[in-house]
Amino acid sequence: QVQLVESGGGLAQAGGSLRLSCAASGRTFSWYAVGWFRQAPGKEREFVATITWSGGTTYYADSVKGRFTISRDNAKNMIYLQMNSLKPEDTAVYYCAADATRGVNYQTDSKFWASWGQGTQVTVSS
């Protein structure tokens, strides 16, 4: 039902910034929340940030709090992740996700999220 396509990844220097975008299509009216997750080589997919689609309530992982900002444009069906003060440990494939379940915005385990994009690579050099 929901299709998600990430873009905006690339290479950045430590301390730099990148803005990721996720274009959504399908039954976006059924969403409760959207979010960003990331997966580094050899590691499990981890929670980064979520936002509820209608209310705009945000929730961030401690590792990115104060550096990353999640936002959405409901009219354009877009989800964004502004990443500032990047660190080498931010290097990962970043995925956007969406789900219709109320309260899913606080589910940090990726397995609870129903819809996923293909991912976009973010590499931060030291």
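Which two residues form a disulfide here, and how far apart are their sulfur atoms? Hello everyone, let's start there. The partners are Cys22 and Cys96, and their sulfur atoms lie 2.0 Å apart. Before I go on, please keep in mind that this is a predicted model.

A search through the whole structure turns up one disulfide, and it joins distant parts of the chain: Cys22 belongs to strand β3, residues 18-26, while Cys96 belongs to strand β9, residues 92-99, with the two positions 74 residues apart. The torsion about the S-S bond is about 55 degrees, so we call this disulfide right-handed. Are its two ends buried or exposed? Cys22 has 0% relative accessibility, so it counts as buried. Cys96 is buried as well, with a relative accessible area of 1%.

Now let's step back to the chain as a whole. The protein chain has 11 strands and zero helices, so to speak a run of β after β from the N terminus on. Its radius of gyration is 13 Å, close to the 14 Å that the globule rule gives for 126 residues, so the chain is as compact as a globular protein of that length. If you like to picture a box, the C-alpha atoms fill one of roughly 40 × 25 × 25 Å along the principal axes. Of the 126 residues, 44% count as buried. And if we take the contacts with a separation of 6 or more, 59% of them are between residues 24 or more positions apart. On the outside, the accessible surface comes to about 6300 Å², and carbon and sulfur atoms hold 46% of it.

Next, the aromatic rings. How many aromatic pairs does the structure hold? There are seven. One of them is Trp31 with Trp53: the ring centres are 4.6 Å apart and the planes meet at 70 degrees, so this pair is edge-to-face. Trp31 sits in the loop between β3 and β4, and Trp53 in the loop between β5 and β6, 22 residues apart. Both are buried, each at 8%.

Elsewhere, ring pairs link Phe37, Phe47, Tyr59, Tyr95, Tyr106, Trp113 and Trp116 into a cluster. Two of those rings also have a charged neighbour, Arg45. Its charged end sits over the ring of Tyr95, 3.7 Å from the centre. The charged end of Arg45 also sits over the ring of Trp116, 4.8 Å from the centre of that ring.

That's my tour, and thanks for listening!

Conventions: Residues numbered from 1 in each chain as written. Predicted model: local features only at pLDDT ≥ 70, side-chain atom pairs only at ≥ 80, totals over all residues. Heavy atoms only, no water. Disulfide = S-S within 2.5 Å. Helix = DSSP H or I, 4+ residues; strand = E, 2+ residues; numbered from the N terminus. Buried < 20%, exposed > 50% of the residue type's maximum accessible area, 1.4 Å probe, protein only. Phe/Tyr/Trp six-rings, centres within 6.5 Å; stacked < 30°, edge-to-face > 60°. Lys NZ or Arg CZ within 6 Å of the ring centre and 35° of its normal. Rg over C-alpha atoms; globule rule 2.2 N^0.38 Å. Contact = heavy atoms within 4.5 Å. Areas by Shrake-Rupley, 256 points an atom, 1.4 Å probe, with all protein chains shown as cover.
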